[in-house]
Amino acid sequence: MRSAVVVLAGSLLAGCISVPAILAPPDAPSQDANDPPVPRTLIIALDAVPFESAVKAFAESPELARFGDPVPVVSTFPSSTTLAFTEMFRPVGLGTPPGYEAKFYDASVGRIRGGGLMSYGKIEFSWREFFDWKTDGALRKAVGYARPRAFSRAEFRRGINAFLSSDQQAFYLYVGSTDGVAHLAGPEAFVEVLTDLAAVLEEARRSQPSFRTVLLSDHGVGGGEPLRNVRAPVIDAARAAGLRSAGALERPGDIVFVPFGLLSSFVAFTDPDDTHRAVRALGRVAGVGLCAAPEGTDGFLLVDPEGEARLERRSNAGRIEWRYTPDGGDPLLWLAAGLSANAWTEDSVVFESTVSGARPDGPRRVAEAFELVRNPATIVCSTAPGFMYGAALTEFSGRVGVGRLRWTHGALERDDTLGFVATDLPKAEALRLRPAVRASELVEILGLDEPSLQPSKLRQQLTGEASEAPP
């Protein structure tokens, strides 16, 4: 969750959003009279809309039902916007972020960077500049977290207005205020939010009926009851293991935690010689679901309160395979999925066996947690259901502003993990034949890597053309 301080700042500005009417589209670009019209494509990326919420909303809305049933999208681990969009849009040029969140440990300078209002726009996170339209400015986003549903309606209209006013063949739109809906109201609120989106889309189609649409979200949201913070027991466990919580890795025994908001995941940085004792100490804390750390070449040590396991990855004849060796525990629920221990298993089999379970596609997501950022952590942890991780001041500020937090994301768990995708593109049928789709597969499956559907920011880099989307 974004900092509760930002939420409080936003509450002071509630009610200052103007919501314009849907604009008429610009004149269509000229074309040969004998050529059939080519429908434009609108890609709407929604932050933190869970798969199950999409299923309910689509069942109730005729406008959304035109897309067919939504398909679950398996997010990254941690299940967060920065990582999910990095994974999703790398095939069309999205760059690698410096860290997991806007506040991160920068190994090149040996300290924590970012996390504040002043630094937000100064540190490059490529996904922020990827979209043709999104709400810009930390102050304006604060308003969104104060009144997320009202702000999401405004974002729908403003973003779709920008699409209708442009002449781009493919237009990428990001709606961030739905993340506020997720954290503050929970998944049930999304039925009404997606109904609002359906109404705006229906109105837009009266102006420009032929455009096609992709609706997708980056991850889900988990919780329900007030979440308990594991930060204090995690730091206590590190101290009991002989580690010192520090702001930089200056001497053996230092461990750097980088809290950002209130999430159901957290990362830590240690000296390589301290990794084993650190991951074992953190992974066994009550309220932690599991912790993982790289071990050897393409191997990973996994620890949970019940025991541990080792995960290995290899490429065999161009295909990825996994081997899982339990040692008193089953952190990835590999055995629970019916997979054999100590045997190399094809990646596709692992995906199909785990995607309907409590920790979908766990092996791949754990491995890629150390590959999707320029400053990978030494240890990445997922909290257990009902728990979160964050700084005490952030938790206190949140309670003052909105009460105890009941919903968040980041964990390896199913609810946190599954976003959704739905579309009326020609390749929709191939998508709906799948029980679920990895975020990394979306671009190829939907054909968004075709030249006419690539994002304008990528075309600008390749051709030097300027985007004409209004702000």
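Here are some notes on the cavities, the strand pairing and the nonpolar core of this predicted model.

1. Let's start with the empty space. Searching the whole structure turns up two cavities of 30 Å³ or more. The largest one holds about 200 Å³ of space. It has 24 lining residues, and Tyr100, Glu101, Val258, Leu263 and Val267 are the closest to its centre.

2. Where does the lining of the largest cavity come from? Two elements, β3 (103–106) and β11 (265–270), give two or more residues each. Strand β11 has the largest share, at four residues. If you care about the chemistry of the wall, it splits by class into 13 nonpolar, nine polar and two charged residues.

3. The second largest cavity has a volume of about 60 Å³. It is lined by 11 residues, and nearest its centre you will find Leu262, Glu395, Gly403, Arg404 and Leu405. Helix α14 (residues 392–402) contributes the most here, with four residues. By class, this lining has six nonpolar, two polar and three charged residues.

4. Leu262 is worth a second look, since it also turns up in a polar contact. Its backbone oxygen sits 2.6 Å from a polar side-chain atom of Thr408. Thr408 belongs to strand β19 (residues 407–408). Is Thr408 buried or exposed? Its relative accessibility is 1%, so it counts as buried, the cut-off for that being under 20%.

5. Now for the hairpin. Strands β14 (residues 307–316) and β15 (residues 319–327) pair antiparallel over eight bridges. Two residues lie between these strands, and in this hairpin Ala317 takes a positive phi near 55 degrees. If you want a register check, Arg313 stands opposite Trp322 in β15.

6. Trp322 has a partner in another strand too: it stands opposite Thr345 in β16. Strand β16 (residues 345–346) runs antiparallel to β15, and two bridges join them. As a reminder, strands of a sheet pair through backbone hydrogen bonds, in either the parallel or the antiparallel sense.

7. Elsewhere there is an open sheet of six strands, with mixed pairing and the order β5-β1-β6-β20-β2-β21. Which strands form its edges? They are β5 and β21 (437–438), each of which pairs on one side only. Further in, β1 and strand β6 (residues 212–217) are parallel and share six bridges. To find the register of that pair, look at Ala45, whose bridge partner in β6 is Leu216.

8. Last, the nonpolar packing. The largest nonpolar core contains 41 residues, and the ones with the most contacts inside it are Leu42, Ile44, Leu46, Ile160, Leu197, Leu215 and Phe420. Both strands and helices feed this core: two or more residues come from each of β1 (41–46), α2 (51–60), α7 (148–165), β5 (170–175), α8 (178–185), α9 (190–207) and β20 (418–423). Of these, α9 gives the most, with eight residues. In general, nonpolar side chains in soluble globular proteins tend to be buried together.

9. A suggested link between points 7 and 8: β1, β5 and β20 belong to the open six-stranded sheet, and each of β1, β5 and β20 also gives two or more residues to the largest nonpolar core. Strand β5 is an edge strand of that sheet.

Technical notes: Residues numbered from 1 in each chain as written. Predicted model: local features only at pLDDT ≥ 70, side-chain atom pairs only at ≥ 80, totals over all residues. Heavy atoms only, no water. 1 Å grid on protein atoms, 1.4 Å probe; cavity = no way out; pocket = protein on both sides within 12 Å on 5 of 7 lines; lining within 4 Å. Points joined across faces, edges and corners; volume = space filled by probe spheres on them. Nonpolar A, V, L, I, M, F, W, Y, C, P; charged D, E, K, R; others polar. Pairing = 2+ DSSP bridges. Buried < 20%, exposed > 50% of the residue type's maximum accessible area, 1.4 Å probe, protein only. Polar contact = N/O pair within 3.5 Å; in protein donor to acceptor, adjacent residues only side chain to side chain. Core = buried A, V, L, I, M, F, W, Y, C linked by side-chain atoms within 4.5 Å.
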